[in-house]
Structure formats: structure tokens, C-alpha cells
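The following paragraphs lead from one helix to the surface and then to the interior. Please keep the structure in view while reading.

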Amino acid sequence: MKSFYRSNFWFAGLAATFTGNGIGRFAYITLMPVLIQANWFSQEEAAQFGVAALLGYLLGPFLIRRFGSQVNRATLMRIAMLCCSSSYFACAFPQMGFGWFYSWRFLSGVGGAILMILAAPMVLPHVRQDRRSRVAGVIFSGIGLGAALSGLLIPVLVQIHIKVAWVAMGLACAGLTLMTWKTWAELDVAPNPSTVTPPVMKSHSLNRGIGCLLIAYALNAVGFLPHTLFWVDFLVRDLGFSLASGGLSWALFGIGAAVGPLLTGVMGDRLGVRRCLVLGFGLKALGVMIPLLTQKLWMLHGSAFLVGMFTPGIVTLVSTYCLQLVGTQEHHRAWGAMTFSFALTQAIAGMGMAILLRQVSSYLPLYAISAIALVISTVCILCIPQPSSIRSPESI
């Protein structure tokens, strides 16, 4: 029975990230050029819908802090999944206008943030310490699975009608919401004492370590923005590739994002989370640089796969490293701070990129900015205290 519930817990975590970010946010990337070409909205308006989700993502941590003591976490998770599901059904009605679309994209961002913040801290405390990285990988692989599904299906569905694509994504989210409805109550209980761990970092190094990790994770938000906001539109309208090619490239992003957390989770358990974070940020920076170096389609597909692989892959590692540094009891609070810093940087950078895009009429400067941000993230991880300043579990 225990193994059944553990599998159920993992699935709930995966469903949360699939709904909140895989579909709730990333499916819009494939839909964006379709909305513009079908004259539903202008390029600027369509870009603003992407920014609306970022602003909603920024509000999520505040809502958890404000209502977290009044509403149990299971209820918050259910509300967030309903918000994401409903947003796709609501956006199937173009006649409702810009304000309607903007509001629902904003709500999907709010829901996505809540799901991202709470999923791992609700599941991981129930998991043995030596398996947490790989379980976190399963949880965050939902981001990539949602992106892959949308990249493959939306180009097909829009051939029927754009509304069909919106409704299909909504149905996928609604189905997962119903399947995991009861599991959140089972997760919202105190974990087994054997899985509760204290922080492993000495107090004088903790602030420095968390500070460096927070800065690296915040800059990571800048690093992935051009791919997750504009990639398909960049390929289709800037470079002249077909929507099918753009959809395939986004599907490769999704496949990479599905594989990435699983791979980084296993590597984190075996090689060490800090070492894997340095490697992850470095390879992600390389992926972001590729559009600056070449416009060959197969290389651009490689860029999408590489950035996709380390988008949730780095989330997996940061969440696990955060748990390792601060311990089980403070993980929820620290991970919430990490997510807020990510969301704040993401919202500011997203609005800045939308403004810059109007001035330069090219996406390429955005990729240069993002590559620089990821290089700085790599340096920040290297500045985290070495293992010599971290107490071993045996000494605790």
C-alpha cells in the first residue's frame, strides 16, 4: 500500500507542474503566432498575454503567504489547478476582447506559481533523502511533458479551429485536476519522522549559500525567457520557417524538458547537486547562444532541446539543493522565496524584453542578454561554499 501511495504522490506532483506550467503557461508559446496570423490579436497584444502570465506568476507567492495560514495547502492546490484549467476554456472566446484574455492569462500565471511553489515541498518530505533528487525530477518533468504535448498537438488542432486547441488544453488540465483531487489531502499531513532532515550547512555559511543560490535562480528567469516567450514566433515569423517546424521545435523543447529533470535528478543524487547545477547553467547558456551563432534549423532544434532540458532540470536541482541547505522544516519558506525572486525577475525582464522588442524589431538581442544572465548564474553557483564548510549528515 505504501508504494501505491508514493506513486500516487509522485503523479500528483507531476500533474501539478504539467497543469501549472507545462500547459498553463507553455502551451501558449505555440498558440501565440497562430493568434497573430488569424488576426485575433496584434503581435504586441499577443506578447502582452505572455507578460500577463508572468505578472500572475509574481502574485502567486504573495497569495500563499497571505492565505497560507487560513487555507490549507490542499485547497490552494485544487484552486490553482482549477484556475489553470478554466483559463484555457475561457480563452476560446475571442469576441470577449483583450481585457478578458489578459485577465485569464494572468490567473493562469497565479495558478502556475502556486502549483510550482507547493508541489515539491508537499511531496519531497515524504521521500527518503537519498531519492529526493530523482523524485523531484519526476515532479518537474511535468513541465516538459506539457510543453511537448502542446508542441505536437496544437499545430494539428489549429487546422480544425483555434478554439479546438484552447479547449483541448483545458480538458487535459481539467482531467488531471480531477485525478489528483483527493491526493492533495493525503499529502497535506506531517511526513514520517524518518524522512525529516535538518539543514546540512553551517550557520555562518548558510546566508551566503542561500543568497548565491537565490541570485542564480533569479537570473535563470532571464536566461530562459526568449525561448519560453518568443521561440515559435521567432522561428515562424522572423526566420520564415513553417508553423509545423516551429511546433516541432517547441515539442523538442518539451521533450528536453521532460527528460531533463529525470536525468538531472539521477545525476544530482549520484554526483552532487552543486556540481550538476554548474554543469546545467553552463550548458543552458550554450543553448541560448546558438541562435546568435547560426540559423540552421537542426541547430535551432538543438537549442530548443538543450534549453528545454535544463529549464525544469535546473528547477529540480535548485529545489533539491534548497532543501539540502535549509532542511525539511524551512524548505517551503525558502523555496517560496526562490520562486518569488524568479517570478519578480521574470516579470521585470519579460516587460523589458517586450519594450525592447518594439525598438529593435529582432529577437536576437534578447538571446544575447539571456546568455549573459546564465553565465552570471554559473558564477554564483561556484561562489556557494564548498562541501568542506557543510556538515555531513552523520555529524548532525
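The buried residues of helix 14 are Leu366, Tyr367, Ser370, Ala371, Ala373, Leu374, Ser377, Thr378, Cys380 and Ile381, where buried means under 20% relative accessible area, exposed over 50%, and partly exposed in between (1.4 Å probe, protein chains only). The model is predicted: local features need pLDDT of at least 70, side-chain atom pairs count only at pLDDT 80 or more, and totals for chains, interfaces and linings use all residues. Residues are numbered from 1 along each chain as its sequence is written, and side-chain values use heavy atoms, leaving out hydrogens and water.

Helix 14 comprises 19 residues, 364-382; helices are DSSP runs (H or I, at least four residues) numbered from the N terminus. From first to last C-alpha the helix reaches 28 Å, close to the 27 Å expected at 1.5 Å a residue, the expected span being 1.5 Å times one less than the number of residues. An α-helix has 3.6 residues a turn, so residues three or four places apart point the same way.

At the surface, Leu292 lies in helix 11 and counts as partly exposed because its relative accessibility is 38%.

In the interior, the largest nonpolar core has 123 residues, and those with the most contacts inside it are Trp166, Trp184, Leu213, Phe230 and Leu277. Such a core is a set of buried Ala, Val, Leu, Ile, Met, Phe, Trp, Tyr and Cys residues joined through side-chain atoms within 4.5 Å. Helix 9 (residues 203-238) supplies the largest share of this core, 17 residues. Leaving aside residues up to four places away in sequence, Phe230 touches Met32, Ala47, Leu225, Met353, Leu357, Tyr363 and Leu366 (contact: heavy atoms within 4.5 Å).

Note on methods:
Helices (H or I, at least four residues) and strands (E, at least two) are DSSP runs, numbered from the N terminus.
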